[in-house]
Amino acid sequence: MDVLDRYRPIVDDFEAFVAACERPLPSVVRVNTIKTTVDRARRALDAADIAVDPVAWSEQLFRLPSAQPGANWPYFHGWLHGQEEVSALPATILDPQPGERVWDSCAAPGSKTTQLAAMMDDAGVVVATDSNLGRLSALRTNTERLGVTNTAVTCEDARNHSLAPFDGAAYDRALVDVPCSCEGTIRKNPDALDDWDIDHVRGVAGVQKGVLRRAVQATKPGGTIVYSTCTFAPEENEAILDHVLAAESCEMVPFSCPLDGRPGVTEWDGDSFNPSVELARRIYPHHNDTGGFFAAKLEVTG
C-alpha cells in the first residue's frame with residue numbers, strides 16, 4: 001500500500017480509502033439487453049435461487065453474492081456479463097445512440113464494447129480496436145456469446161487508427177478507456193501494485209496521449225469523447241487531458257456522474273493543469289464500494 005501514500009494529499013479520509021482498497025470487490029453482472037430484459041434476467045436468477053442486489057444507479061447492474069458471477073445458466077446463455085460496477089461508467093457517460101458510429105479505441109476484452117452495442121440496440125456501428133491479438137480473441141468470444149452483430153474488430157495501434165476501412169467517415173462518439181497502471185483494480189487484483197514503477201506510469205502516459213489525440217482527430221466536430229482509466233495517478237489522468245486540450249481542437253464538458261465522485265485535480269507534483277480538468281471525476285473505492293476510476297468527457301470543437 002506504500003504506492004497509495006502518494007495520493008494522501010488529494011484523497012479525503014485517507015485511512016478509509018486504504019481500508020476500502022484492502023477489501024474484496026463485490027461481484028457485479030450486467031444484463032445483456034440484446035438477448036433478454038432486466039425483468040426476465042431477474043426472474044431467471046430468482047428461479048436459480050441466486051440472491052440479487054440491484055445497483056441503485058443502473059437497473060441493468062446486479063450485485064451477486066458469489067465470487068463467480070458466471071456460474072449460472074443465464075450467464076452461460078449470454079443474458080449476463082461479468083462487469084465491475086465502475087467499469088460500466090464510461091459507456092454510460094458516452095451515451096451512444098442507435099444508428100451512430102462509435103469507436104472503442106482500446107476495446108479488448110470487450111465488456112465496454114458489448115455494453116456500447118447493447119445501448120445502441122445492436123444498431124449502427126461499433127468499431128472495436130485493440131493491438132493485442134490474445135485479448136482480441138476474448139473480445140470476439142464475448143461479442144459472440146452476447147449476440148452482438150453491429151461490431152467490427154480491428155487489430156492495430158489505436159494511435160495510428162485508420163478510418164479508410166470505414167469509408168473515411170468520422171465517428172459520432174469515441175470511448176478512450178486506455179491501458180494504465182491499474183492502481184484502481186487493487187480490490188480485484190491485490191498484487192496490482194507489486195511491480196508499480198513511476199517510469200511505467202510515465203511511459204504509459206505517452207501511449208495515452210497518443211490514443212486520446214487520435215480519438216479527437218477521428219471524431220466529427222460536435223462529437224463526444226469519454227476518456228477513462230482505472231488508476232489514481234494524475235500523470236495518467238489530468239495530465240493527459242491537459243496535454244490533449246492544448247494539442248487538439250476539443251474542450252472539457254460537464255456530465256452527470258451517477259457515482260459519488262471528486263473533481264479532477266488542477267495541480268500535482270509541481271505541475272498545474274488546464275482549470276477545466278476539474279470537470280473530470282475521480283471515483284474512489286471508499287465512496288461507492290467500487291474499484292477506483294477516472295472519467296472525463298470532451299467535445300470535439302473543430
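**Exercise 1.** Work out which residue in E3 stands opposite Arg 30, then sort out the surroundings of E1.

*Solution.* Step 1: Arg 30 faces Leu 61 in E3. Quick housekeeping: this is a predicted model, where local features need pLDDT of at least 70 and side-chain atom pairs count only at pLDDT 80 or more, while totals for chains, interfaces and linings use all residues. Residues are numbered from 1 along each chain as its sequence is written, and side-chain values use heavy atoms, with hydrogens and water left out.

Step 2: look at the pairing (DSSP must find at least two bridges between two strands). E1 is joined to E3 (residues 61–64) by 4 bridges, antiparallel, and to E4 (residues 80–82) by 3 bridges, also antiparallel. In E4, Val 29 has Gly 82 as its bridge partner. Strands (E, at least two residues) and helices (H or I, at least four) are DSSP runs, numbered from the N terminus.

Step 3: check burial, where buried means under 20% relative accessible area, exposed over 50%, and partly exposed in between (1.4 Å probe, protein chains only). In a regular strand, side chains alternate between the two faces of the sheet. Here Ser 27, Val 29 and Val 31 point one way, Val 28 and Arg 30 the other, and all are buried. With 5 of the 5 residues of E1 (27–31) buried, the strand is therefore largely enclosed by the rest of the structure.

**Exercise 2.** Say which residues line the largest cavity, and give their classes.

*Solution.* Step 1: a cavity is a set of points on a 1 Å grid over the protein atoms alone where a 1.4 Å probe fits but cannot get out; lining residues have an atom within 4 Å of a point.

Step 2: the lining is Leu 25, Pro 26, Val 28, Arg 63, Glu 84, Glu 85, Val 86, Asp 289, Thr 290 and Gly 291.

Step 3: that makes 4 nonpolar, 2 polar and 4 charged residues. Ala, Val, Leu, Ile, Met, Phe, Trp, Tyr, Cys and Pro count as nonpolar, Asp, Glu, Lys and Arg as charged, and the others, Gly among them, as polar.

**Exercise 3.** Two aspartates, Asp 122 and Asp 167, have a positive phi: is each one buried or exposed?

*Solution.* Step 1: most residues other than glycine have a negative phi. Asp 122 sits at about 60°, and Asp 167 near 65°.

Step 2: place them. Asp 122 is in the loop between H5 and E6; Asp 167 is in the loop between E7 (151–155) and E8 (171–177).

Step 3: Asp 122 has 18% relative accessibility, so it counts as buried. Asp 167, at 77%, is exposed.

Notes
On a 1 Å grid over the protein atoms alone, a cavity is a set of points where a 1.4 Å probe fits but cannot get out, and a pocket is an open set with protein on both sides within 12 Å along at least five of seven lines; lining residues have an atom within 4 Å of a point.
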